[in-house]
Amino acid sequence: MTTSLTAPAALTPLDTGYAAAVAPFVTTTTPRPDLVVEARSPADVVAAVRWAGGEGRAVTVQATGHQLLSDLAGSVLISTRHLDQVRIDPEARTATVGGGARWQQVIAAATPHGLAPICGSSSHVGVVGFCLGGGQLSRAFGTGADQVRRVRVVTADGVERDVDDTREPELFAALLGGKTGFGVVTEIEIALHPVTRLYGGGAFFPGEASPQLLHAWRAWVTTLPDESSSSVALLRLPPDPSLPPPLQGAFVTHLRFAHLGTAEEGAAILAPMRAVATPIADMIDEMPFAAIDAIHADPTDPMPIWDDSTTLGALTVDAVDALLAVAGPGVETPLIMAELRHLGGAIAHRPPREHDAVAGRDAAFHLYALAPMFPPVAAMAPAAARSVIDALRPWATGGLPNFQGPAAGGRLGALWDGATLAFLTGVRESYDPDGMFRAVGLR
Ligand SMILES: Cc1cc2nc3c(=O)[nH]c(=O)nc-3n(C[C@H](O)[C@H](O)[C@H](O)COP(=O)(O)OP(=O)(O)OC[C@H]3O[C@@H](n4cnc5c(N)ncnc54)[C@H](O)[C@@H]3O)c2cc1C
């Protein structure tokens, strides 16, 4: 059964299909919008926004559900997950991507042309959500936002606009990093790069070696060229039979590395880290770009978790010791992961436009903590994740919009400096004077 919205049809919580249409990847919060509209064309998005405007309803947007900032209560949720078409222009080296497509669809379409997009650690994540939040991983090519050439967005007045650096440039600049509150993106055009192979992967070391590894990593990353990206995570893995036996239920240090260059160069750059300890498994080698998920090996099944994060201005010896004190060997904690990502390189380069809404450009590292929200440790998860962030508070500089979850309490405003936040607020007020899209994330 569907309700009688004029167009398009919407599902209420009583309708079959509602639960599937709102389902998030992080299942800690159950989304409960009043209505969900599953858009199957940009015209559906226009119709839904015009209807919501006429009714004075708040509108929220979801593509893959990888980031839920609130339970969406009281809103009309527009799901873009069916807007997942991808077109490649091999001459221009661009991909034109629907508002609900995932990176894996872009990778699959671009690979036969010898091209690759600048995605994050998981290709299951949505292209638009990643780019609107900045999108940090590649020190070689910069942020996801930096790859965007054009955006088609339905604003609160129900108009679908094509915006870029010359057409409505302020809205374009605000979308690229401002994350939320501007409209529903129906299509995005991004740059692709001639990358088919890289030297990369992950190596698992014993958790007990984490003090030596983290201290060595801290010094080693400062020597890396922009072509090399790396992160390191302290993982307390579940006793999952799908994992290789030495990793089941193990406490490990996971070193991740990607180098855009030859295997010889990559191996030479990595050699000092390989010399620190004997790995349980070393899977870093030359690999096709299309296998990029293997580097971080992020989970692909929905699950309830609590996460917390911060950017860091520096990673000193004391900062590493502070991290080890809350997540290192011998610590009893429900944490699944405490992760450090090396930022900088091209991520730090501002694009040549007046306004740059990408938060955290100046940060040197990103710290992320994650704990499971299931019994018997669920009640301890928020405090465990917070303890990691609190331990490195002296080096904290802010945060990245893409890594905000329930711990942010819907408050993203503090992630931008005052001038950038004032710019974003001005653009939001100009395109959405009644606050239709301001239901989440903007306090
Ligand atoms: C396993 C995993 C790995 C990750 N790795 C990285 C990483 O390496 N680097 C990084 O920067 N981030 C990373 N992220 C974070 C990720 O980029 C964000 O969670 C992003 O918002 C996901 O977008 P989505 O569309 O998949 O999720 P959704 O939950 O569907 O969307 C999240 C938000 O994005 C906005 N949005 C999405 N689609 C649209 C649209 N069509 N129009 C308007 N607004 C839209 C909305 O504000 C929405 O609330 C990772 C997340 C996970 C779960």
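Domain bounds here come from an automatic or database domain assignment, and they are a convenient way to find one's bearings in this predicted model.

**Stop 1: the domains**

Begin by colouring the protein chain by its three ranges: domain 1 covers 18-79, domain 2 is made of 86-194 together with 418-431, and domain 3 covers 197-408. If you then place a marker at the C-alpha centre of domain 2 and another at that of domain 3, the two markers lie 25 Å apart. The contact between these two domains takes 34 residues from domain 2 and 31 residues from domain 3.

Keep the domain 2 side of this contact selected, and look for the elements that give two or more residues to it, which are helix 5 and helix 11 (418-431). Helix 5 gives the most to this side, with 7 residues. Coloured by residue class, the side of domain 2 that touches domain 3 divides into 14 nonpolar, 15 polar and 5 charged residues.

**Stop 2: the ligand**

Next, select the ligand and the residues around it. The shell holds 31 residues, and the closest of them are Gln 67, Gly 99, Gly 120, Gly 126 and Gly 129. Strand 2 (58-62), helix 4 (127-132) and strand 8 (184-191) are the elements that give two or more residues to this shell, and helix 4 gives the most, with 4 residues. By class, the shell around the ligand divides into 11 nonpolar, 18 polar and 2 charged residues.

Where does the ligand lie with respect to domain 1 and domain 2? Both domain 1 (18-79) and domain 2 (86-194 + 418-431) give residues to the shell, so the ligand lies between them.

**Stop 3: the five-stranded sheet**

From strand 8, which you have just met as a contributor to the ligand shell, widen the selection to an open sheet of 5 strands, whose order is 4-5-8-6-7 and whose pairing is antiparallel. Strand 4 and strand 7 stand at the edges, and each has a single partner strand, so one side of each is left without a neighbour in the sheet. Looking across the sheet, you will find a twist that averages 10° from one strand to the next.

For a view of the pairing itself, show strand 6 (residues 148-154) with strand 8; these run antiparallel and are joined by 6 bridges. Val 154 stands opposite Val 184 in strand 8, and this pair is a useful place to centre the view.

Now add the helices that pack on the sheet. Helix 2 (residues 42-55) touches strand 6, strand 7 and strand 8, and its direction makes about 140° with that of strand 8. Helix 3 (residues 103-110) touches strand 4 and strand 5, and its direction makes about 40° with that of strand 4.

**Stop 4: two loop residues with positive phi**

Two residues in loops deserve a closer look at the backbone. Arg 93, in the loop between strand 4 (86-89) and strand 5 (94-98), has a positive phi of about 55° although it is not a glycine. Is Arg 93 buried, partly exposed or exposed? It has 16 C-beta neighbours inside 10 Å, and therefore counts as partly exposed.

Glu 168, in the loop between strand 7 (160-163) and helix 5 (169-178), is also a residue other than glycine with a positive phi, here near 50°. With 19 other C-beta atoms within 10 Å, Glu 168 is partly exposed, because a residue needs 20 or more to be buried.

**Stop 5: strand 16 and the loop after it**

Finally, select strand 16 (residues 365-372), which is mostly covered, with 8 of its 8 residues buried. Show the side chains and you will see that Phe 365, Leu 367, Ala 369 and Ala 371 point one way, whereas His 366, Tyr 368, Leu 370 and Pro 372 point the other way.

Which strands are paired with strand 16? Strand 14 (residues 305-312) runs antiparallel to strand 16 and is joined to it by 8 bridges, with Leu 370 of strand 16 as the bridge partner of Asp 307. Strand 15 (residues 337-342) is likewise antiparallel to strand 16, through 6 bridges, and here Tyr 368 of strand 16 is the bridge partner of Glu 339.

Follow the chain onward into the loop between strand 16 and helix 10 (381-391), where Pro 376 is found. The peptide bond from Pro 375 to Pro 376 is cis, with omega near 5°.

How values were computed: Residues are numbered from 1 along each chain as its sequence is written. This is a predicted model: local features need pLDDT of at least 70, side-chain atom pairs count only at pLDDT 80 or more; totals for chains, interfaces and linings use all residues. A residue is near a molecule or strand if its C-beta atom, placed from the backbone, lies within 6 Å of it. Ala, Val, Leu, Ile, Met, Phe, Trp, Tyr, Cys and Pro count as nonpolar, Asp, Glu, Lys and Arg as charged, and the others, Gly among them, as polar. A residue is buried if 20 or more other C-beta atoms lie within 10 Å of its own, exposed if 12 or fewer, and partly exposed in between; C-beta atoms are placed from the backbone. Two strands pair if DSSP finds at least two bridges between them. Axes are lines fitted to C-alpha atoms, for helices over the stretch in contact, and angles run from 0 to 180 degrees between N-to-C directions. Two residues are in contact if their C-beta atoms, placed from the backbone, lie within 7 Å.
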